[in-house]
Amino acid sequence: MMQRFTVLFLAVSFVLLGFVAPVPVEAALLVKRETNAVRFARGLPPLPPVRRTKTSAAKRAEPSQHFGATKVAKSSTGRLEIRWAANGTTAGYVANNPTTGPIGLNLNNDLELYVDYSDSNLLARDARFPAPYYVGGHGDSTLAAGSSNTIEFINVESGPTAAIWTLDSNTRALNATWTNSHGSKTQPSLAYDPSLNALNFTGDFTALSNLHNPPTQFLVHIYLSP
Ligand SMILES: *[C@@H]1O[C@H](CO)[C@@H](O)[C@H](O)[C@H]1NC(C)=O
Ligand SMILES: *[C@@H]1O[C@H](CO)[C@@H](O)[C@H](O)[C@H]1NC(C)=O
Ligand SMILES: CC(=O)N[C@H]1CO[C@H](CO)[C@@H](O)[C@@H]1O
């Protein structure tokens with residue numbers, strides 16, 4: 001019924017336009033306008049407006065899970081990519097180094113470490129260094145706002161100093177939650193010291209970087225990359 005009507009309607013439109021072709025834009029607009037008029041006559045609401053810009057279409061295509069809480073991945077595998085917070089470019093990948101383990105980046109043609117992420121843990125695959133094989137934090141210092149204290153980013157036994165990670169399934173960012181020995185929790189930042197090629201957690205990156213002028217520590221973010 002509707003189809004037949006549309007065909008008829010198109011025919012009428014062409015007659016009205018006097019078969020002057022090609023006039024695709026006007027024809028389309030006319031059909032659209034008249035169609036809404038017809039819809040009104042039949043007691044229907046107007047058709048939704050045409051989306052004209054690429055931007056609005058792109059915005060609609062974005063997954064709605066960006067809003068609200070982080071979408072957490074259950075398990076995944078990848079390399080540990082370190083990006084400079086200052087500009088988002090890759091500083092390097094955590095190394096699978098036979099002597100220093102995973103404390104630094106693969107600067108000297110070291111192999112990159114692959115890890116399995118699950119249950120808040122990062123477990124090294126094919127580690128070339130001796131056990132332990134989880135990637136986490138080691139140290140007795142208390143991490144807190146206002147304190148330059150650090151905890152080493154290093155290979156650890158399974159347990160509370162290993163099960164600290166959350167993987168954002170959208171951005172692939174790994175976020176740590178560190179529990180201090182007296183029980184307080186903090187979401188530490190990661191600092192990279194290029195001169196030591198070492199990563200450390202800190203509760204207050206500003207306090208840590210203020211220790212040296214010029215600073216020796218750089219704020220970085222860690223991602224699980226394919
Ligand atoms: C990004 O920032 C880091 C740290 O400040 C710097 O060493 C590096 O050169 C920067 N890279 C680019 C491409 O700007
Ligand atoms: C997780 O880490 C990323 C990059 O380090 C950061 O941008 C993001 O805000 C963090 N998310 C949460 C929930 O802390
Ligand atoms: C500032 C700081 O605490 N740096 C430490 C980071 O971690 C390495 C090894 O993992 C230590 O040697 C540094 O002293």
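1. Counting a residue as near a molecule when its C-beta atom, placed from the backbone, lies within 6 Å of it, the surroundings of ligand 2 come out as Thr70, Ala173, Asn175, Gln187 and His221. By class that shell holds four polar residues, one nonpolar and no charged. Bear in mind that this is a predicted model.

2. Ligand 1 has its own set: Trp84, Ala86, Asn87, Thr89 and Phe218. Here the split is three nonpolar, two polar and no charged.

3. Trp84, from the ligand 1 shell, is also worth a look for its partner across the chain. Val220 and Trp84 sit 136 residues apart in sequence, yet their C-alpha atoms are 4.5 Å apart in space. Val220 belongs to strand 13, which covers residues 218-225.

4. Is Val220 buried or exposed? Val220 has 21 other C-beta atoms within 10 Å, so it counts as buried; the cut-off is 20 or more. Setting aside neighbours within four places in sequence, its contacts are Ile82, Arg83, Trp84, Ala85, Ala91, Leu190 and Tyr192.

5. On to the largest nonpolar core, which has 38 residues. The members touching the most others are Leu80, Ile82, Val94, Val115, Trp165, Leu190 and Phe201. Strand 6 (residues 150-156) gives the most to this core, with four residues. Two of those well-connected members, Ile82 and Leu190, are among the contacts of Val220 too.

6. If you want one core residue to click on, try Leu80. Beyond its neighbours within four places in sequence, Leu80 is in contact with Tyr93, Val94, Leu113, Val115, Ile222 and Leu224. Val94 and Val115 are themselves on the list of members that touch the most others.

Terms used
Residues numbered from 1 in each chain as written. Chains lettered and ligands numbered in written order. Predicted model: local features only at pLDDT ≥ 70, side-chain atom pairs only at ≥ 80, totals over all residues. Nonpolar A, V, L, I, M, F, W, Y, C, P; charged D, E, K, R; others polar. Helix = DSSP H or I, 4+ residues; strand = E, 2+ residues; numbered from the N terminus. Buried ≥ 20, exposed ≤ 12 C-beta atoms within 10 Å, placed from the backbone. Contact = placed C-beta atoms within 7 Å. Core = buried A, V, L, I, M, F, W, Y, C linked by C-beta atoms within 7 Å.
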